[in-house]
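Q: I am new to this structure and would like a close look at a single part of it, the strands and how they pair. Please take me through that part slowly and then show what surrounds it.

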Amino acid sequence: MQQPIVGYHQDEDLHWVARLACGHNQHVRHQPPWTVREWVTTEQGRASKLGFSLFCVKCVEQAPRDW
């Protein structure tokens, strides 16, 4: 299920985590060559993706909200 990004925070390892409108969190790492998300490395890049939809596996699994 696609859910828009509504914010971000960093986890205890300082990896960026997207907060989705559904109440779930999802890591948004930049780990080339497997995952290329250069936008996550800057504040401006992250801001540009607010409202962008990500597939939320937790919604499909009907998991409880993370926040």
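A: Valine 17 stands opposite histidine 27 in β3, and in this predicted model that position belongs to the pairing of β2 with strand β3, residues 25–27, which runs in the antiparallel sense over three bridges. The two strands make a hairpin with four residues between them, and in this hairpin glycine 23 takes a positive phi near 100 degrees.

β2 also pairs with β1, again in the antiparallel sense, and here the pairing extends over five bridges. One position to look for is tyrosine 8, whose bridge partner in β2 is alanine 18. β1 and β2 likewise form a hairpin, with five residues between the strands, and leucine 14 in the turn has a positive phi of about 65 degrees. In a regular strand, side chains alternate between the two faces of the sheet.

From the strands one can turn to the interior. The largest nonpolar core has 11 residues, among them Ile5, Tyr8, Ala18, Leu20, Val28 and Trp39, together with the cysteines Cys22, Cys56 and Cys59. The elements that give two or more residues to this core are β1, residues 2–10, and β2, residues 16–20. Tyrosine 8 and alanine 18, the bridge partners mentioned above, are both members of the core. Isoleucine 5, another core member, touches Ala18, Arg19 and Leu20, and its contacts also include Trp39, Lys49, Leu50, Gly51, Phe52 and Leu54, leaving aside residues up to four places away in sequence.

The surface can be followed from strand β4, residues 53–55, in which phenylalanine 55 lies. Phenylalanine 55 counts as partly exposed because its relative accessibility is 45%, a value between the limits of 20% and 50%. Together with Met1, Val57 and Val60, Phe55 forms a nonpolar patch on the surface, and the four have about 380 Å² of accessible area together.

Charged side chains also come together in this model, which holds one salt bridge. The salt bridge joins lysine 58 to aspartate 66, and their closest N and O atoms are 2.8 Å apart. Lysine 58, with a relative accessibility of 29%, counts as partly exposed, and aspartate 66, at 35%, is likewise classed as partly exposed.

How values were computed: Residues are numbered from 1 along each chain as its sequence is written. This is a predicted model: local features need pLDDT of at least 70, side-chain atom pairs count only at pLDDT 80 or more; totals for chains, interfaces and linings use all residues. Side-chain values use heavy atoms; hydrogens and water are left out. A nonpolar core is a set of buried Ala, Val, Leu, Ile, Met, Phe, Trp, Tyr and Cys residues joined through side-chain atoms within 4.5 Å. Buried means under 20% relative accessible area, exposed over 50%, partly exposed in between (1.4 Å probe, protein chains only). Contact means heavy atoms within 4.5 Å. Two strands pair if DSSP finds at least two bridges between them. Patches are made of residues with over 30% relative accessible area and no salt bridge: like charges are joined within 9 Å, nonpolar side chains (Val, Leu, Ile, Met, Phe, Trp, Tyr) within 5 Å. Accessible areas come from the Shrake-Rupley method with a 1.4 Å probe; for residues, only the protein chains shown count as cover.
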